Amino acid sequence: MKGGGVVISVSLTQNRIHVSGHANTAPYGSDIVCAAVSAITLTLIKGLKEIACMGLNESAEPGNICIEWQTINDTGKALIDTWFLGILGIAQEYPVIELKTGNESASGKGAFFMPDGA
């Protein structure tokens with residue numbers, strides 16, 4: 001693996017997701033870790049808007065994606081939990097992702113909004 005250390009930061013709170021950085025596991029444009037994180041995060045934005053019908057404030061630029069919401073419904077929670085499980089899976093295979101959550105139960109155990117043991 002090229003680079004080394006944590007280079008993608010994923011921050012998740014009850015009303016915000018922020019993904020920043022680059023994996024540097026391959027040349028720019030060929031990095032499967034960046035592509036995977038970007039693809040599932042951009043898909044999350046579409047899902048929250050079109051499936052969960054949530055109002056969002058979002059920005060997406062190379063190396064920096066931010067999603068914010070005021071209220072969340074059950075569909076939105078399920079989509080974010082699914083996205084979070086995907087991020088955890090990528091982080092387990094490629095340890096260049098740092099996860100920061102506002103929810104102590106989310107530190108690698110599973111979903112973010114799902115209660116422990118669910």
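The lining of the largest pocket in this predicted model divides by class into twelve nonpolar, nine polar and two charged residues. The space enclosed there comes to about 370 Å³. Of the 23 lining residues, Gly21, His22, Cys34, Ser38 and Gly63 are the closest to the centre of the largest pocket. Four elements each give two or more residues to this lining, namely β2 (16-21), α1 (32-50), β3 (57-61) and β4 (64-68). The helix α1 gives the most, with five residues. Rolling a probe the size of a water molecule over the atoms is what shows where such empty space is left.

The second largest pocket has a volume of about 180 Å³. Its lining consists of Ile40, Thr43, Leu44, Lys46, Gly47, Glu50, Ile51, Leu79, Thr82, Trp83 and Gly86. Here the residues divide into five nonpolar, four polar and two charged. Both α1 and α2 (74-93) supply at least two residues of this lining, and α1 again takes the largest share, with six residues.

The two helices that line the second largest pocket also meet one another. The axes of α1 and α2 come within 10 Å and cross at roughly 175°. Because angles over 145 degrees count as roughly antiparallel, α1 is roughly antiparallel to α2. On the α1 side, the contact is made by Val33, Ala36, Val37, Ile40, Thr41, Leu44, Gly47 and Leu48. From α2 come Gly76, Leu79, Ile80, Trp83, Gly86, Ile87 and Ile90. By class, eleven of the residues in the contact of α1 with α2 are nonpolar and four are polar, with no charged residue taking part. Several residues belong both to this contact and to the lining of the second largest pocket, among them Ile40, Leu44, Gly47, Leu79, Trp83 and Gly86.

Turning to the strands, five of them form an open sheet in the order β3-β4-β2-β1-β5, with mixed pairing. The edges are β3 and β5 (97-101), each of which pairs on one side only. Direction ignored, neighbouring strands of the sheet are turned by 10° against each other on average. The helix α1 packs on this sheet and touches β1, β2, β3, β4 and β5, its direction making about 25° with that of β4. The other helix, α2, lies across β1, β2 and β5 and runs at about 145° to β5.

The pairing within the sheet can be followed strand by strand. Strand β1 (residues 8-13) pairs with β2 in the antiparallel sense over six bridges, and a hairpin joins β1 to β2 through two residues. Along this pair, serine 9 stands opposite serine 20 in β2, while valine 10 stands opposite valine 19 in β2. Strand β2 also pairs with β4, in the antiparallel sense and over five bridges. Serine 20, already seen opposite serine 9, stands opposite asparagine 64 in β4. Further along the pair, isoleucine 17 stands opposite isoleucine 67 in β4.

Strand β4 is joined to β3 by five bridges, and these two strands run antiparallel. In this pair, glutamate 68 in β4 is the bridge partner of asparagine 57. The hairpin of β3 and β4 has two residues between the strands, and glycine 63 takes a positive phi near 80° there. Gly63 brings the description back to the largest pocket, since Gly63 is one of the residues closest to the centre of that pocket.

Key
Residues numbered from 1 in each chain as written. Predicted model: local features only at pLDDT ≥ 70, side-chain atom pairs only at ≥ 80, totals over all residues. Heavy atoms only, no water. 1 Å grid on protein atoms, 1.4 Å probe; cavity = no way out; pocket = protein on both sides within 12 Å on 5 of 7 lines; lining within 4 Å. Points joined across faces, edges and corners; volume = space filled by probe spheres on them. Nonpolar A, V, L, I, M, F, W, Y, C, P; charged D, E, K, R; others polar. Axes fitted to C-alpha atoms, helices over the stretch in contact; angles between N-to-C directions. Parallel < 35°, antiparallel > 145°, perpendicular 65-115°, else oblique. Contact = heavy atoms within 4.5 Å. Pairing = 2+ DSSP bridges.
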